[in-house]
There are 2 protein chains.
Amino acid sequence: MKIRRSERLIDMTHYLLENPHKLISLTYFAKRYESAKSSISEDLAIVKKTFQERGTGILNTIPGAAGGVIFIPMITKEAAKEYIEKLSERLSEQDRLLPGGYVYLSDLLGDPELLRQIGRIIASNYLDKKIDAVMTIATKGVPIAQAVSYYLNVPFVIVRRDSKITEGSTVSVNYVSGSSERIEKMELSKRSLKRGSRVLVVDDFMKGGGTINGMQSLIEEFEAELVGVTVLAEGNFKGKRAIADYNSLLFVESVDTQTKTIEVVPGNYFND
Amino acid sequence: MKIRRSERLIDMTHYLLENPHKLISLTYFAKRYESAKSSISEDLAIVKKTFQERGTGILNTIPGAAGGVIFIPMITKEAAKEYIEKLSERLSEQDRLLPGGYVYLSDLLGDPELLRQIGRIIASNYLDKKIDAVMTIATKGVPIAQAVSYYLNVPFVIVRRDSKITEGSTVSVNYVSGSSERIEKMELSKRSLKRGSRVLVVDDFMKGGGTINGMQSLIEEFEAELVGVTVLAEGNFKGKRAIADYNSLLFVESVDTQTKTIEVVPGNYFND
């Protein structure tokens, strides 16, 4: 039985969404649906138009014999801002304040819908950049790295503060932890990052930027290249940050343990 | 301009895939596409048929005024087995063997394509069960928990061996670590799990089952309920396991540090 266009469109959409940033040839789809390449081209034109209109992402067409399509997931700046504004309100809830002025974030970092959005928003910032790996530090950064990795379709690597026997040989660097001004150590499994890799660093929270700075040194040790830094939230910090160039989705403007209030606004990701 | 069926099918597929296990009313789609409910019903019938034929998942139709559709992602046992067999081969690679007989897994746990498949396979095992949360222990289990959480669309919670100041109040239990026979402690943030929650436990690797057993005690402390346990890989273990009822996707049959060989086969998930 011949596969109808409607069925092709549904399955094609599913396939593209599960294989972002990957070149898929027309031949692949033609075989998958036992259909002529001309029909597949028409299908893809409809998918492209719908993805664009609905803000799902960009479907790039690569012409020629070695060509095909590449799906690049994205979110518009407006939709991202709307989402982050709602998230700021959620974060400003009073009962998030912990002793010492810390903010409780663990529920958010375990929420699949939120992680999907955060991943899509961060990935959208690097549409035109080549990225080979996403890097973060254990443990809070991991869900964010994974979320971004799903959309960029590249591996994520986890830097650790404590050595694990199951990591094999590691490379370590010392760094100054911003909050405590102490010298600490972080390390990464030797085989987890190839020389020359282009790396995006993500984390949940940044204050002085010492941890991010440590990851930058680690990237240099691996003779790899830092492409960008995006954190979910940055805190208010008096003094010079260890890192100058970064993006934040949220900015924790103030934390008042006396009145138990937290003020959170969208971060510099949304500055023009 | 009227929205055509082809565009509706593409966007509907995207929407359903991003909102698994969630009741979506016909009214929602009718508004989203400015179309009659009768057209939406026809669209959904086509989506349902295609999802079924391609093994994408089940689209359940709930009739009545409060009804709608629920998309349940799944993978067939055959497709899962095929995937896991290939993974077994990848795991049997010689250079994965670390000193002490440990197996290097970090690259796999940072691979988005692999995590998507693992998540889909584990979630497929609990299609007919009500699950409120996925639980794991830091740090290696986290990517698996997140992957499963994406498909079940429920939050994941992370048990920790070391207390963090950013977790707020915690509940802790002692457990016997299988490998070292030592008494250790694990804890979970008090507000991360509601009483009565139905919990699925996942982890990367299980030997004696002591860690899983600890999580079971923790679930009891929270007056919650254990629905099931699935680990990515189980190791060969002589003696009685601390936990009887579990599923494993992979079984590490033998590790020989002398000949540097690892034998990995599909786990008990595939036993009939």
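**Exercise 1. Place A:Thr211 and A:Glu220.**

Task: Which residues does A:Thr211 touch, leaving out those up to four places away in sequence?

Solution. Step 1: A:Thr211 touches A:Ile137, A:Arg161, A:Tyr175, A:Met186 and A:Asp203, with residues up to four places away in sequence not counted. Contact here means heavy atoms within 4.5 Å. This is a predicted model, where local features need pLDDT of at least 70, side-chain atom pairs count only at pLDDT 80 or more, and totals for chains, interfaces and linings use all residues. Residues are numbered from 1 along each chain as its sequence is written, chains are lettered from A in the order in which they are written, and side-chain values use heavy atoms, without hydrogens and water.

Step 2: Find the element. A:Thr211 sits in helix α7 (residues 210-221) of chain A. A:Glu220 is in helix α7 of chain A. Helices are DSSP runs (H or I, at least four residues), numbered from the N terminus.

Step 3: Check exposure. The cut-offs are under 20% relative accessible area for buried, over 50% for exposed and partly exposed in between (1.4 Å probe, protein chains only). A:Thr211 has 18%, so it counts as buried. A:Glu220 has 54%, so it counts as exposed.

Step 4: Take one distance. From A:Glu220 to A:Asn271 is 51 residues in sequence and 29 Å in space, C-alpha to C-alpha.

**Exercise 2. Describe the interface of chain A and chain B.**

Task: How many residues of each chain are in contact, and what area is buried?

Solution. Step 1: Count residues. 57 residues of chain A contact 57 residues of chain B.

Step 2: Take the area. About 5,300 Å² is buried between the two chains, and carbon and sulfur atoms give 53% of that. Buried area is the accessible area (1.4 Å probe) that two parts lose on being put together, summed over both. A:Ile10, A:Arg116 and A:Tyr150 supply 14% of the area that chain A buries against chain B, more than any other three residues.

Step 3: Find the charged pairs. The rule gives 8 salt bridges across the interface. Each needs a side-chain nitrogen of Lys or Arg within 4 Å of a carboxyl oxygen of Asp or Glu. A:Glu113 pairs with B:Lys22 in a salt bridge, with the closest N and O atoms 3.2 Å apart.

Step 4: Assign elements. α1 (5-18), α3 (37-54), α5 (112-124) and α6 (142-152) of chain A each give at least two residues to the side that touches chain B. The largest share, 9 residues, comes from α1(A).
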